[in-house]
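Please find below a colleague's note on the structure under review. The comments are set out as numbered points for discussion.

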Amino acid sequence: MITFEILNKKIYYSLTNGQASYNNQYIEYIDHFSNDGVPVVSDNTYPSLTICLQSSTQCNLECKYCFSKLKDKKLIEFENFIPYLNFIINQNLNKNRFYIDLSGEREPLLNLPFILDAVQYADEMSEKLRKEVLITFVTNGILLTKKVSTLLKSKGVLFGISLDGPKGVHDKNRPLKNGKSSYDIIIKNILEIEDKTFLGCAVTIGKQRFNLVKTIEELCQYFPTISIKPARLDNSSLFTFDDINFWKKEYERLTQILVEKALNGDLKILLAILNGDDYFGKFINRVFLNYVAYNRCDAGLGRIYLTQDGIISHCVPLSIYDKYKFDNLEHYLKEDGKSFFLQQLTNPYCFNCNLKKLCGGECAVEKENHVTNNTVLCELKKHLILLAIYLREELKLNEEVFKKVYDFCNMKMSRNKENLKFKTILNTNPQKSFAECKKIFYSTSN
């Protein structure tokens with residue numbers, strides 16, 4: 001057992017089970033490790049599968065940290081992917097849900113016909129499988145006019161928008177091709193979206209510094225889900241320890257604000273962070289549920305990336321490296337993906353880290369850039385883990401608030417698990433279409 005200090009509080013941490021507390025007591029936890037410390041993997045490790053597609057080779061922004069090397073301007077047609085999608089789905093019929101993510105390497109809305117064809121395919125597959133096949137993507141928001149957003153909503157497409165904080169920072173990171181501002185165009189489009197219920201915001205932080213609390217509070221006016229992550233790949237955006245010290249202070253201030261607001265009954269910002277794929281939010285989710293992390297992400301088992309030429313990779317950013325490109329889809333699904341998944345915690349730097357069971361290991365992209373781990377970002381991750389523990393322990397002061405946050409984390413963790421009520425509706429209404437059964441489910445769940 002070891003101790004850490006964060007915001008003038010002492011935290012006891014167990015090296016045995018990865019649990020932590022103010023009072024040196026550990027409650028039951030979920031462990032996904034075998035006795036020799038190797039993650040236990042099965043077909044049920046991820047109840048859903050995300051298939052990422054290369055939907056466009058073009059973009060209308062000039063983002064400073066973009067990793068894509070695509071220069072080809074030819075139009076990509078969805079029908080090229082259908083044989084691959086059919087094969088992947090048929091090999092994974094044990095999954096409860098499928099996501100087809102069209103974010104790719106460039107801007108999806110520059111190929112709207114591709115999106116609409118994908119929607120038609122997803123609807124047909126949902127009816128055939130009697131399981132959800134959902135279309136999702138992140139857009140830069142430039143082409144997300146009221147007409148387009150209304151169309152996408154009517155088709156059941158889940159989409160998020162990239163917006164890098166305040167106007168000055170965003171426009172420096174994500175200008176138009178001509179160098180001019182993109183921020184005002186995006187905000188105008190956001191304001192015209194009528195139903196923002198499932199709207200998410202993806203924020204990338206880098207060397208450009210800004211007031212984190214103020215920015216999140218402003219974004220919460222538009223978005224019910226906020227996901228903030230550090231930039232990767234581009235050398236101009238690589239963090240220094242000085243940068244990390246700044247962001248540590250910003251996250252400390254954010255944590256104290258979250259605690260203060262939550263204890264006063266205001267959970268809006270905290271739930272917005274927990275609801276998506278936020279860098280800090282994932283650690284908060286884990287510590288609230290006492291969940292031992294056996295990997296950094298779902299790449300290789302719960303997520304794959306597919307190009308129109310049938311080249312497979314573990315995720316979109318890794319597709320720029322030849323060593324992570326595969327051309328045998330069947331072999332990838334049986335061997336390559338699982339092999340990559342198991343490597344995430346096996347490098348010496350991660351294996352010897354005290355906080356590995358709450359972290360989950362290093363991103364393979366970072367390993368490619370740094371040969372080993374990105375030790376600078378590791379400092380930030382360790383700090384965020386301790387702040388997550390601090391937040392949980394402080395919220396224990398109010399049992400009602402703690403339970404609300406715990407229940408939300410548990411609900412998020414269970415989203416892709418089989419819904420027994422929906423399954424019963426499907427089984428008892430074989431004559432009804434999948435879409436009709438969904439309507440019955442939602443009408444009886446409200």
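The points that follow take up strand pairing, nonpolar cores, aromatic pairs and backbone angles in turn.

1. The coordinates under discussion are those of a predicted model. The remarks below should be read with that origin in mind.

2. Strand 6, which covers residues 132–139, is a suitable starting element. Seven of the eight residues in strand 6 are buried, and the strand is thus described as mostly covered. Its pairing on either hand is taken up in the next two points.

3. Strand 5 (residues 97–101) runs parallel to strand 6, and five bridges connect the two. Within this pairing, Arg 97 stands opposite Glu 132 of strand 6. Together with helix 2, which spans residues 112–129, strands 5 and 6 form a β-α-β unit of right-handed sense.

4. Strand 6 is also paired with strand 7 (residues 158–162); this arrangement is parallel and comprises four bridges. Val 138 has Gly 160 in strand 7 as its bridge partner. A right-handed β-α-β unit is made here as well, from strand 6, helix 3 (residues 146–154) and strand 7.

5. A charge placed over a ring deserves mention. Lys 153 lies over the face of Phe 159, 5.3 Å from the centre of the ring. Residue 153 falls within the range of helix 3, 146–154, and residue 159 within that of strand 7, 158–162.

6. The largest nonpolar core contains 113 residues. Which of its residues touch the most other members? They are Leu 53, Phe 223, Tyr 251 and Leu 395. Helix 14 (residues 375–395) supplies the largest share of this core, namely twelve residues. As a general matter, nonpolar side chains in soluble globular proteins tend to be buried together.

7. The surroundings of Leu 53 can be described in detail. Leaving aside residues up to four places away in sequence, Leu 53 touches Phe 78, Phe 81, Leu 85, Ile 100, Asp 101, Leu 102, Gly 104, Phe 114, Tyr 305 and Leu 306. Among these contacts, Phe 78, Phe 81 and Phe 114 also belong to a cluster, completed by Tyr 121, that is linked through ring pairs.

8. Apart from the largest core lies another, of ten residues. Its members include Leu 318, Ile 320, Tyr 321 and Val 365. Tyr 321 is buried because its relative accessible area is 17%, under the 20% limit.

9. The structure holds 17 aromatic pairs. One of them joins Phe 4 and Tyr 13 in an edge-to-face arrangement, with 6.0 Å between centres and 70° between the planes. Tyr 13 is buried, its relative accessible area being 1%. Tyr 321 and Tyr 324 form a further edge-to-face pair, at 6.4 Å centre to centre and with 80° between the planes. Tyr 324 likewise counts as buried, at 11% relative accessibility.

10. Two backbone angles merit inspection. Leu 7, found in the loop between strand 1 (2–6) and strand 2 (9–13), has a phi near 50°, a positive value in a residue other than glycine. Asn 8 is placed in the loop between strand 1 and strand 2 and, although not a glycine, has a positive phi of about 65°. Is Asn 8 buried or exposed? Asn 8 counts as exposed, because its relative accessibility is 79% and the limit for that class is over 50%.

Technical notes
Residues numbered from 1 in each chain as written. Heavy atoms only, no water. Phe/Tyr/Trp six-rings, centres within 6.5 Å; stacked < 30°, edge-to-face > 60°. Buried < 20%, exposed > 50% of the residue type's maximum accessible area, 1.4 Å probe, protein only. Lys NZ or Arg CZ within 6 Å of the ring centre and 35° of its normal. Pairing = 2+ DSSP bridges. Right-handed = clockwise from strand over helix to strand, strands pointing away. Core = buried A, V, L, I, M, F, W, Y, C linked by side-chain atoms within 4.5 Å. Contact = heavy atoms within 4.5 Å.
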